[in-house]
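Reader: Hi! Could you walk me through this one?
Author: Happy to, here it is.

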Amino acid sequence: MQITSFNPLIITHDSESIIKLFEELGFERRHKKEGINDEDITSVRMKDANGFHVDITQVDKLPQDMTSIRMNVRDFNEAYEMLKAKGFTNAQGEKITNTGSSISTMMVSPSGFSISIAEHIRKEDR
């Protein structure tokens, strides 16, 4: 399985205050995706001068903040099946999020930690 990036993902109902904190730490907003899953879900990707990334996702229905590992992969199906074989379950049931530019879902381990896997759909593959 080829991993193309690996970083923390913070899921919160108060993304602006967390984004401001990371801006104070030297991170800049790099990319923003809105309307994920046809809902009011927005994700902001941030990067600092050393090349470190953090993703912050606004989910209004969340009762408390949650941290996940974001893992971008070259082959979503391969990563999905490997994690399922290790006992992970899809947090969305069997739903896979497709934004047109990526496919993703959050997988939860038997002990409760999560890995959010995503494959960016390259232009030549569209």
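Author: We can talk through the strands, the pocket and the surface of this predicted model.

Reader: Great. What does strand β1 pair with in the antiparallel sense, and over how many bridges?
Author: The antiparallel partner is strand β5, residues 66–73, and eight bridges link the two. P8, for example, stands opposite I69 in β5, and L9 faces S68 of that strand.

Reader: And how do β1 and β4 run, parallel or antiparallel?
Author: Those two run parallel, with four bridges joining them. One contact to look at is I10, whose bridge partner in β4 is I56.

Reader: Back to β5 for a second. Which strand does β5 join by four bridges?
Author: That would be β9, residues 114–120, and the two run parallel. R70 has S116 of β9 as its bridge partner.

Reader: Nice, that's the strands. How much space lies in the largest pocket?
Author: About 950 Å³. The elements giving two or more residues each to its lining are β1, β2 (28–33), β3 (41–47), β4 (53–59), β5, β8 (102–108) and β9.

Reader: Which element gives the largest share of that lining?
Author: β3 does, with five residues.

Reader: How many residues line the pocket, and which lie nearest its centre?
Author: The lining has 39 residues, and L9, I36, I41, T57 and S104 lie nearest the centre. You've met L9 already: that's the residue opposite S68 in β5.

Reader: Changing topic: which residues make the nonpolar surface patch?
Author: M1, I3, F6 and M82 make a patch of about 380 Å². I3 sits in β1, which covers residues 3–12.

Reader: Why does I3 count as partly exposed?
Author: Because its relative accessible area is 41%, and partly exposed means between 20% and 50%.

Reader: Makes sense. Where is Q92?
Author: Q92 is in the loop between β6 (89–90) and β7 (97–98).

Reader: Buried, exposed or partly exposed?
Author: Q92 is partly exposed, because its relative accessibility is 27% and the cut-off for buried is under 20%.

Reader: One last thing: how are Q92 and M107 placed relative to each other?
Author: Along the chain they are 15 residues apart, and 8.5 Å separates their C-alpha atoms.

Reader: Lovely, thanks!

Notes
Residues are numbered from 1 along each chain as its sequence is written. This is a predicted model: local features need pLDDT of at least 70, side-chain atom pairs count only at pLDDT 80 or more; totals for chains, interfaces and linings use all residues. Side-chain values use heavy atoms; hydrogens and water are left out. Patches are made of residues with over 30% relative accessible area and no salt bridge: like charges are joined within 9 Å, nonpolar side chains (Val, Leu, Ile, Met, Phe, Trp, Tyr) within 5 Å. Accessible areas come from the Shrake-Rupley method with a 1.4 Å probe; for residues, only the protein chains shown count as cover. A salt bridge is a side-chain nitrogen of Lys or Arg within 4 Å of a carboxyl oxygen of Asp or Glu. Buried means under 20% relative accessible area, exposed over 50%, partly exposed in between (1.4 Å probe, protein chains only). Two strands pair if DSSP finds at least two bridges between them. On a 1 Å grid over the protein atoms alone, a cavity is a set of points where a 1.4 Å probe fits but cannot get out, and a pocket is an open set with protein on both sides within 12 Å along at least five of seven lines; lining residues have an atom within 4 Å of a point. Grid points are joined across faces, edges and corners, and a volume is the space filled by probe spheres set on the points.
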